[in-house]
Amino acid sequence: MIESERIKAASSRVLPLLRTGGSSPARVVFLALAGVVLIGWVLVAARGGQFLTAENLVSVQQRSAALGIVAIGQTLAILAGSLDLSVAYLISLTSLVAAETMAGLDGNIPLAVAAVIGISAAVGLLNGVVITKLHVHPFIATLGVALILKGVLDHLYDGPAGKVPESFQHLGYDRIGPIPVSAMLWAAVAVAAWFLLRRTTLGYRIYAVGGDQEVARLSGVRTDRIVIVTHVLCSLCAGIAGLLLASRLGAGAPTVGTDGGYDLESIAAVVLGGAALAGGRGGVGGTVGGVLLLATLDSVFNQLEVDSFFKDVVRGVVIVTAVAIYARRRQGRRA
C-alpha cells in the first residue's frame, strides 16, 4: 500500500513531463539571443563596424555547428539525469581516426565514417555501463573515461596526424546559398533529436528516467538501458563533431576537442537552454538557442577585440543569470 502511494505521488511529477515532452523555457533564451544581437549591433556600429553582415552571420553558423552537434548529444544525456565529460577527448580521437583512415586508404570516406561511429558507440557504451552497472556517478564515470582517452591520445600522438581529402573538406567549408553545409548537418542532428524526444516512446522514457528514475523503473521502464542509449547517442554526436572538425582542419588533431572546450561548453549551452541538470526537464529548442547565444557572444567579443579574460567573465555571468532566472520561474510555478 505504501509502495503504491509512493508510485502514485511520484508519477504526478513525472507524467506532466511525458505529456508536454519536457518542454523547456526556450523562449527565454531566444529573447536573450535577440537582446545580445541588438546590443552587439549597437556596440559594433558605435565603433564604426558592421555586425549584421552576411559574412558574420555565416561565421556564427560555422562557429556554432560543432558545438551545437555536441550539445544536442549532451542534451539527451542530461535529460536522462546524466552527463558526459568525455566528449572533448572523444572529438579529438575521432578526428584523428577519421583523418588517418582517409589518408591510409586513399580517401576511403565511408570506412572512416564507419570507424568513427564504431569507436564513438563503444565509448558511449562504456560510459553507460560504468554508470548503470558499476553504479558510478556520471561525473566521475565520464571523467574517468575522459582521462583514459587522454592517455591514449598522449601516448599515440604528438601533434596533427592523417590527411583529409579535399572532397571531404567540403563538409566544413562549403555553403548552399548563405547557409553552410556544416550548419545543415547541425540542423539535421537537432531535428532528429527533437523527433526522438517528442514523437517516440524512447523520448518519453528519457524524460521519465530523468524525472524520477525509481518511478520509471517501477513503471516498467528499463532505466539502465535508457541511460546507456543516451550515452551512446551523446558519444555518436561527439564523433560527428570530430568528423566535422577534421574536415575543417584537413587533418586530425589531439587537442581539437579540448582546445574548443566542448565538454563544459556543451553543458553550458544545455543549461542556458533551460534544462535541469537533475534531468527530466529541457529540450532541443532551448539547447539550440543556448548554442547560438554563446556563438553570438563570441562574435561580438571578437569584433570588439575584447580581452579573453573579460570574455570568460561575461559568459560566466550570463550562464549564472540564466540559471537563476529559470530557478525563480520554477519556484514561482510551485508556489
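**Figure 1. E214 and R217 sit 3 residues apart in helix α10 (residues 213-218), a spacing of about one helical turn.** This is a view of a predicted model. The two side chains meet in a salt bridge. The N to O distance is 2.5 Å. How exposed is each partner? E214 has 28% relative accessibility and counts as partly exposed. R217 is partly exposed too, at 42%. Both values fall between the 20% limit for buried and the 50% limit for exposed. Side chains of opposite charge can pair when their charged atoms come close.

**Figure 2. A salt bridge joins the side chains of K133 and D224.** Here the N to O distance is 3.4 Å. Which parts of the chain does this pair tie together? K133 belongs to helix α5 (residues 109-133), while D224 belongs to helix α11 (residues 223-249). The pair therefore ties together parts that lie 91 residues apart in sequence. K133 is partly exposed, with 48% relative accessibility. D224 is also partly exposed, at 26%.

**Figure 3. R315 and E265 meet through their side chains in a salt bridge.** The N to O distance is 2.2 Å. This pair links distant parts of the chain. R315 is in helix α15 (residues 308-334), and E265 is in helix α13 (residues 262-272). In sequence they are 50 residues apart. Is R315 buried or exposed? R315 is buried, because its relative accessible area is 9% and the limit for buried is under 20%. E265 is partly exposed, with a relative accessible area of 22%. The view also takes in D298: a network of salt bridges links E265, D298 and R315. In total, the model has 5 salt bridges.

**Figure 4. S92 is a buried residue in helix α4 (residues 87-104).** Its relative accessibility is 0%. What does S92 contact, once its neighbours within four places in sequence are set aside? One contact is L153. The others are A253, P254, T255, V256, G257 and T258.

**Figure 5. I91 is among the residues that touch the most other members of the largest nonpolar core.** That core holds 75 residues. I72 and L197 share this standing with I91. Residues up to four places away in sequence are not counted in the contacts of I91 that follow. I91 touches V70, A238, A241 and G242. I91 also touches L245, V256, G257 and Y262. Two of these residues, V256 and G257, are in contact with S92 as well. A second core is separate and has 7 residues. Its members include L83, L85, V270 and V271. In soluble globular proteins, nonpolar side chains tend to be buried together.

**Figure 6. The whole protein has 15 helices and 2 strands.** This last view sets the close-ups in context. How much of the protein is buried? Of its 335 residues, 49% count as buried. The accessible surface comes to about 15700 Å². Carbon and sulfur atoms account for 64% of that surface. Next come the contacts between residues at least 6 apart in sequence. Of these, 80% join residues at least 24 apart. The salt bridge between K133 and D224 ties together parts 91 residues apart. The pair of R315 and E265 links parts 50 residues apart.

Definitions and conventions
Residues are numbered from 1 along each chain as its sequence is written. This is a predicted model: local features need pLDDT of at least 70, side-chain atom pairs count only at pLDDT 80 or more; totals for chains, interfaces and linings use all residues. Side-chain values use heavy atoms; hydrogens and water are left out. Helices (H or I, at least four residues) and strands (E, at least two) are DSSP runs, numbered from the N terminus. Buried means under 20% relative accessible area, exposed over 50%, partly exposed in between (1.4 Å probe, protein chains only). Contact means heavy atoms within 4.5 Å. Accessible areas come from the Shrake-Rupley method with a 1.4 Å probe; for residues, only the protein chains shown count as cover. A salt bridge is a side-chain nitrogen of Lys or Arg within 4 Å of a carboxyl oxygen of Asp or Glu. A nonpolar core is a set of buried Ala, Val, Leu, Ile, Met, Phe, Trp, Tyr and Cys residues joined through side-chain atoms within 4.5 Å.
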